[in-house]
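Me: I'm in my first year and still learning how to read a structure like this one. Could you take a close look at a single part with me, the salt bridges, and then show how the rest fits around that part?

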Amino acid sequence: MAQKPKVDPHVGRLGYLQALVTEFQETQSQDAKEQVLANLANFAYDPSNYEYLRQLQVLDLFLDSLSEENETLVEFAIGGLCNLCPDRANKEHILHAGGVPLIINCLSSPNEETVLSAITTLMHLSPPGRSFLPELTATPVVQCMLRFSLSASARLRNLAQIFLEDFCSPRQVAEARSRQAHSALGIPLPRSVAPRQR
Amino acid sequence: MASSGGELGSLFDHHVQRAVCDTRAKYREGRRPRAVKVYTINLESQYLLIQGVPAVGVMKELVERFALYGAIEQYNALDEYPAEDFTEVYLIKFMNLQSARTAKRKMDEQSFFGGLLHVCYAPEFETVEETRKKLQMRKAYVVKTTENKDHYVTKKKLVTEHKDTEDFREDLHSEMSGFCKAAEALNTSAGNSNPYLPYSCELPLCYFSSKCMCSSRGPVDRASDSSKDGRNHHKTMGHYNHNDSLRKTQINSLKNSVACPGAQKAITSSEAVDRFMPRTTQLQERKRRREDDRKLGTFLQTNPSGNEIMIGPLLPDISKVDMHDDSLNTTANLIRHKLKEVRLFLKNYSKTRFGYRIKWRIICGNDSTVIFFHFLVF
């Protein structure tokens with residue numbers, strides 16, 4: 001989980017996070033990038049760090065990393081977003097920064113953890129009071145969730161089911177189900193899972 | 001359960017113990033060597049999978065060991081799970097996620113009856129309802145924590161830096177001036193003028209909508225404070241998850257045991273008290289004795305110098321130790337109060353029964369209190 005910083009005490013948490021961000025910017029090593037991103041993503045689990053992370057624009061760092069080719073970086077970045085998006089301020093920032101399409105793209109990833117984190121992030125981004133964001137419940141997304149709900153992976157199945165029950169209206173689900181018969185399947189399931197059609 | 005590989009412990013990817021990372025830069029090496037892994041709420045679970053348990057019939061001991069971290073709802077051995085020779089795999093379901101997190105952190109890589117345990121989360125065993133509840137609790141926790149922080153910091157700022165807050169509020173109406181102040185404060189709090197931070201210093205305006213400013217007007221002022229207090233705050237918050245709930249469960253169980261049958265408790269030996277007694281001051285003790293005697297209206301005149309006729313064992317009094325925490329202080333005061341009442345009862349009882357006043361100190365009460373103190377001293 002969170003590492004204990006070995007820096008001068010008076011530099012503090014902000015200084016340490018800053019050093020991490022700097023290293024991520026400057027390093028050429030993929031290993032170091034992965035380590036730093038994992039570090040930041042784990043820091044994003046603790047709400048006491050959110051102020052610093054916002055100041056250092058780590059949220060945008062995560063969003064940018066979603067477009068990386070390295071699958072591990074994508075997995076860690078979406079994990080970081082999943083950790084910090086329940087917070088209201090962070091949520092607004094992500095929505096304003098246009099993060100939703102990037103996160104929806106992550107649903108296509110072959111990596112199961114990435115997909116799980118993406119689904120959870122979308123769920124947390126939904127505004128309270130059950131007034132759904134239109135992008136979140138667009139037909140392709142709902143269709144994707146319907147396919148996930150039939151998957152052999154229990155975790156994926158559970159999350160997809162929660163998404164369909166709590167964040168989509170029954171009408172949307174019915175519409176997506178009827179369209180599924182006609183449209184081509186656009187979003188492949190994650191690699192570690194063998195889809196089972198019933 | 002889907003099987004995706006023939007290797008041991010690899011029915012699922014997240015069960016596999018990853019290799020420890022040995023290429024970390026010095027400044028970000030932790031106390032223990034760790035693998036490169038991100039923990040999200042999806043991965044964490046009240047279900048723990050324990051691999052590497054020696055197959056010597058120690059299920060009971062294993063469960064007892066894990067039960068130290070919280071109530072266990074159910075446990076069973078997983079016979080079909082691929083395991084090394086002579087080891088077994090167990091599944092333990094905790095009542096709440098926090099206990100599972102603590103247990104995993106403490107018990108992973110621990111030696112147990114000659115074997116090395118590998119503990120990991122097993123979220124695939126959750127039902128839909130359990131997953132839903134887990135996500136909701138996580139969301140509620142984050143919202144509650146950030147709202148508390150906002151409330152506390154706003155209060156603090158209103159009291160200490162009233163003028164600054166007012167000035168800042170005026171600036172809110174124009175984004176530009178607010179942004180400048182933010183950048184300025186950021187530079188000062190950062191402590192150095194590092195130009196190579198595109199993510200922190202450039203701060204393109206499009207990312208700073210007025211909505212964001214409203215909700216985060218605190219952080220600019222907070223930054224200077226928090227970076228100074230950063231480490232302490234981390235200590236309290238970082239330990240919040242791990243230590244707080246542990247403390248709370250111990251407080252609850254001890255409160256119940258002390259409060260109920262205090263008067264009927266047998267007097268145990270005094271050796272335990274000698275071992276665990278926290279420091280007391282003479283002045284406090286004498287003052288307390290004077291007050292107690294005054295309350296009872298004792299027939300023996302209390303000498304200011306303290307030369308009272310005393311019969312019976314005289315044991316050290318309960319000291320008032322400040323726990324540095326409001327809720328713990330409240331609980332400690334409650335227990336002290338209860339012990340005082342019981343002590344009063346026993347004093348009266350001994351006076352009527354034996355004809356003379358015996359200075360009792362309730363040893364068992366003291367014991368619980370000092371064990372209570374002992375647990376809380378880190």
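Reply: Here is a walk through the salt bridges, followed by the chains and a few spots around them. Keep in mind that this is a predicted model.

Let's begin with the count: over all chains, the structure holds 14 salt bridges. One of them pairs A:D166 with B:R132, and the closest N and O atoms there are 2.9 Å apart. Look at where the two partners live: A:D166 is in helix 10 of chain A (residues 154–167), while B:R132 is in helix 3 of chain B (residues 128–160), so this pair joins two chains. Now, are these two residues buried or exposed? A:D166 has a relative accessibility of 18%, and because the cut-off for buried is under 20%, A:D166 counts as buried. B:R132 counts as buried too, at 11% relative accessibility.

Next, stay inside chain A. A:R179 forms a salt bridge with A:E175, with 3.0 Å between the closest N and O atoms. Both sit in helix 11 of chain A (residues 170–180), and being four residues apart there, they are separated by about one helical turn. As for cover, A:R179 is partly exposed at 42% relative accessibility, and A:E175 is partly exposed at 30%.

Chain B has a salt bridge of its own to look at: B:R101 with B:E44, where the closest N and O atoms are 3.3 Å apart. B:R101 belongs to helix 2 (residues 97–107) of chain B, and B:E44 to the segment before strand 1 (47–54), so the pair ties together parts that are 57 residues apart in sequence. B:R101 is buried, with a relative accessible area of 5%, and B:E44 is buried as well, with 0%.

Let's go back to the pair that joins the chains, since A:D166 and B:R132 have company. Salt bridges that share partners link A:E165, A:D166, B:E129 and B:R132 into one network.

Charges can also meet rings. The charged end of B:R138 sits over the ring of A:Y45, 4.0 Å from the centre of that ring. Within chain A, the charged end of A:K33 sits over the ring of A:F24, 5.1 Å from its centre. As for rings paired with rings, a search of the whole structure turns up five aromatic pairs over all chains.

Now step back and see what these residues are part of. Chain A has eleven helices and zero strands, so if you read its elements from the N terminus on, you get α-α-α-α-α-α-α-α-α-α-α. Of its 198 residues, 63% are buried. Take the contacts in chain A with a separation of 6 or more: residues 24 or more positions apart account for 69% of them. Chain A exposes about 7400 Å², and carbon and sulfur atoms supply 53% of that.

Chain B has twelve helices and six strands. Buried residues make up 42% of its 378 residues. Among contacts in chain B between residues at least 6 apart in sequence, 72% join residues at least 24 apart. The accessible surface of chain B comes to about 21400 Å², with 55% belonging to carbon and sulfur atoms.

Finally, let's visit some loops. In chain A, the loop between helix 10 and helix 11 holds A:S169, and UniProt lists A:S169 under "modified residue: Phosphoserine". That loop is a handy landmark, as A:D166 lies in helix 10 and A:R179 in helix 11.

Another loop of chain A, between helix 7 (99–106) and helix 8 (112–125), is where you find A:N111. A:N111 is buried, with a relative accessible area of 15%. Which residues does A:N111 touch, not counting those up to four places away in sequence? They are A:E71, A:E75 and A:P190.

Two more loop residues are worth a look for their backbone. A:Q57 has a positive phi of about 55° although it is not a glycine. A:Q57 lies between helix 3 (50–55) and helix 4 (58–65) of chain A and counts as buried at 3% relative accessibility. Over in chain B, B:E109 also has a positive phi, about 65°, and is not a glycine either. B:E109 is in the loop between helix 2 and strand 4 (111–112), and is partly exposed, with a relative accessible area of 36%.

Conventions:
Residues are numbered from 1 along each chain as its sequence is written. Chains are lettered from A and ligands numbered from 1 in the order in which they are written. This is a predicted model: local features need pLDDT of at least 70, side-chain atom pairs count only at pLDDT 80 or more; totals for chains, interfaces and linings use all residues. Side-chain values use heavy atoms; hydrogens and water are left out. A salt bridge is a side-chain nitrogen of Lys or Arg within 4 Å of a carboxyl oxygen of Asp or Glu. Buried means under 20% relative accessible area, exposed over 50%, partly exposed in between (1.4 Å probe, protein chains only). Contact means heavy atoms within 4.5 Å. Accessible areas come from the Shrake-Rupley method with a 1.4 Å probe; for residues, only the protein chains shown count as cover. UniProt positions are given in the numbering used here, feature names are shortened, and annotations may be inferred rather than shown by experiment. Rings of Phe, Tyr and Trp (its six-membered ring) pair if their centres lie within 6.5 Å; planes under 30 degrees apart count as stacked, over 60 as edge-to-face and the rest as tilted. A charge sits over a ring if NZ of Lys or CZ of Arg is within 6 Å of the ring centre and within 35 degrees of the ring normal.
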